[in-house]
Amino acid sequence: MVATAPQTAVRKRRRRPARESDTPTVGRSRGGTVLANTVGVLFAIVMFFPVYWVINTAFKPAPEILQFEPTFFPHTFTLDNFKSAFNAPFFQQDLLNGVLVTSGAVLGALLVGFLAALAIARFRFYGRKAIILVVLSVQMVPFVAILIPLFLMLQKADLTNSLLGITLVYIVLILPYTVWTLRGFIQAIPRELDEAALIDGASRFQVFWKIILPLTGPGLVATSVYGFIQAWNEFIIINTLNDQAHQNLMAWLLQNQTSRGTFWGPLMAGSILTALPVVIFFLIVQRNIATGLTAGAVKG
Amino acid sequence: MSVVDTPSAPPAPQPPAPAPAGRTGSKRRSATSGGFAPLALTLPALLLLAGLLGYPLIRMIVLSFQSLGLRQLFADLAPDNVGFANYAKIFTNSTFYEVVARTVAFTVVSVLLTLVLGLGVALLMRRVAPSVRIAMIIAMMFVWAVPQLVATQTFRWLVDSDFGVLNYLIDRLPGVDFANHSWFADPIQGWAVITTIVVWAGIPFIAITLNAGLTQVPKELLEAAVVDGASAWQVLRSVTLPILKPLLVIVTTLSVIWNFGLFTQVYVVRNGRPEDEYQVLATWAYSTAFKNNNYGLGSAIAVVTVLLLLGVMAFYMRQMFKIGDVD
């Protein structure tokens, strides 16, 4: 491809409209080159292999896991690992905790975040930029950094080892992203719609209830799913603030390792059970997450 | 929408400019600036942020000038003020400089690797057959979706010294004995594993974002460059990369911020108690506070960590504002 280029340049046919046959480098043959396809397939295999290995391990019986020469497919297919993970101490308790804490945090953040996003997207007021600055910057503070004072604070307020305390922390954890993303969704609704409704005699509340809220629906879903993923995946804070009876599945996954050696089968099965809701949700809303993080960098 | 436009245009003094959003638009709609509404709407969010983020941040700074250990905690005593003693302890400790150097080195290496590989994958995605592209995207989606902790546990299993599949595969190479090889005995190998976890998990975001950016590069521009005799490398360097630049800047900055705060992978891989060779700033602060119960010193390390990142954070914000999306 490169070899043909200088030749073309010598002939200086710059102005000529490019025909398809003229642009081998750019157009690239429809099927791609064999080399590119091979590399692409290899890349996909290498990337996916760890994920596959978790699944592979989870369905093997213990003796088949504990041998130096691994089996690349389970020779004996078993659900024992899932059973023992599910019946392990604290698994069901932590599952329930996780569901409660996560949904509480998502609902809280959505409620509070939506109002703030509405203000930022629809009003121009003193301190608006400062609020945006705060929202953007707190997202970047490493959470481990404020873990120390948070621990001391909640301990004093008797909110360690409680689901309420950790729910509040998680609301704050996902709030910045919630505000930031919802702001984008609200801004995408043409202001003219609001104004038309106002002129037609609607109150501000009606504008919010009848126009903005319904039109932000998909955005609310995407944002809450992302909030769910963040809260569900968190384990450092909950592991520091709460005892095992008040932790979530991620923290359970951590305990499972440190306390009494590693039982790989149940650990991998537990990993699947823990990650499954996240993976499913993530695959649904992936597009929105990517655009949220880099909002505006691609001018469409 | 066009029906809506008509009544919304008041008898404006200026001609109806065809720019609905933007400076002129916002000035015309100064009516929306009014009242206590925006304050009331943002108040709950601000109170929560102030209470559970703002206050702890200030408390962290105060703590960094205090001495607080188990003794004060159990007796419910007020922490002693020690001035700059914690900072003096940090800055005179050679461990600090090692930890900073390690954190920076890891950040540079991991971000560079993720970026180069991610960009390579993004470019590759545009050259492969559609079926291969879909396979690549599916694989990356799964990787992206896997929670950090699960990913780390997975790699612990892959490199397990007794039954890990990696040792088995390497062992099969002729003349190599990798049975029972421990990857974490040698910090360099251990860090290679940690970097692999981070890069593996980081590639999907970069590759998919950059791939989306690549679709924005006008085909005519690439064609013109090729017709003018540019080599593939020149096209990449002089046409594609400049167009991708805003996106590259953002993903690079984000990656730096994320990887500088490396915690989970080290913490989990080293079973919650990283040895000296594995400490980075975040784990060091955590260990100091929660394992050694020295909350003041831990806070001081955390403050230093945030200060070191501040420049990068400010840069990120400036970019976000510059792009104009914030307006």
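Student: Why are Lys83(A) and Asp80(A) separated by about one helical turn?

Tutor: Because they sit three residues apart in helix 5 (residues 80–86) of chain A. Keep in mind that this is a predicted model.

Student: And how do I read the link between those two residues?

Tutor: Here's the general idea: side chains of opposite charge can pair when their charged atoms come close. In this case, Lys83(A) forms a salt bridge with Asp80(A), and the closest N and O atoms are 4.0 Å apart.

Student: How many salt bridges are there over all chains?

Tutor: The count comes to three. Across the interface of chain A and chain B, though, the rule finds zero.

Student: Okay, the interface then. How do people describe its size?

Tutor: The size of an interface is often given as the accessible area lost when the parts come together. For chain A and chain B, the buried area is about 10600 Å². Carbon and sulfur atoms give 78% of that area.

Student: Which helix gives the largest share of the side of chain A that touches chain B?

Tutor: That's helix 3 (residues 34–58) of chain A, with 16 residues. Sorted by class, this side of chain A has 80 nonpolar, 25 polar and 16 charged residues.

Student: How many residues does each chain bring to the contact?

Tutor: Chain A brings 121 residues and chain B brings 116 residues. You can also look for polar contacts: between the two chains there are six residue pairs of that kind, counted with both residues at pLDDT 80 or more.

Student: What about aromatic rings? How do I read a pair of them?

Tutor: Check the distance between the ring centres and the angle between the planes; planes over 60 degrees apart count as edge-to-face. The structure holds 39 aromatic pairs over all chains. Take Phe151(A) and Phe290(B): their ring centres are 5.5 Å apart and their planes are at 80°, so this pair is edge-to-face.

Student: Where do those two rings sit?

Tutor: The pair crosses between chains. Phe151(A) is in helix 8 (residues 143–156) of chain A, while Phe290(B) is in helix 14 (residues 281–291) of chain B.

Student: Now the database record. Which residues of chain A does UniProt list for "transmembrane region"?

Tutor: The unreviewed UniProt entry lists several stretches, including residues 34–55, 95–118 and 164–186 of chain A. You can then compare an annotation with the model. Residues 95–118 of chain A are 100% helix, with end C-alpha atoms 34 Å apart. Residues 164–186 of chain A are also 100% helix, and their end C-alpha atoms are 30 Å apart.

Student: And chain B?

Tutor: For chain B, the unreviewed UniProt entry's "transmembrane region" list includes residues 36–58 and 104–125. In the model, residues 36–58 of chain B are 96% helix, with end C-alpha atoms 28 Å apart. Residues 104–125 of chain B are 100% helix, and their ends lie 31 Å apart.

Note on methods: Residues are numbered from 1 along each chain as its sequence is written. Chains are lettered from A and ligands numbered from 1 in the order in which they are written. This is a predicted model: local features need pLDDT of at least 70, side-chain atom pairs count only at pLDDT 80 or more; totals for chains, interfaces and linings use all residues. Side-chain values use heavy atoms; hydrogens and water are left out. Contact means heavy atoms within 4.5 Å. Buried area is the accessible area (1.4 Å probe) that two parts lose on being put together, summed over both. A salt bridge is a side-chain nitrogen of Lys or Arg within 4 Å of a carboxyl oxygen of Asp or Glu. A polar contact is a pair of N or O atoms within 3.5 Å; within protein, one must be able to donate a hydrogen and the other to accept it, and residues adjacent in sequence count only if both atoms are side-chain atoms. Helices (H or I, at least four residues) and strands (E, at least two) are DSSP runs, numbered from the N terminus. Ala, Val, Leu, Ile, Met, Phe, Trp, Tyr, Cys and Pro count as nonpolar, Asp, Glu, Lys and Arg as charged, and the others, Gly among them, as polar. UniProt positions are given in the numbering used here, feature names are shortened, and annotations may be inferred rather than shown by experiment. Rings of Phe, Tyr and Trp (its six-membered ring) pair if their centres lie within 6.5 Å; planes under 30 degrees apart count as stacked, over 60 as edge-to-face and the rest as tilted.
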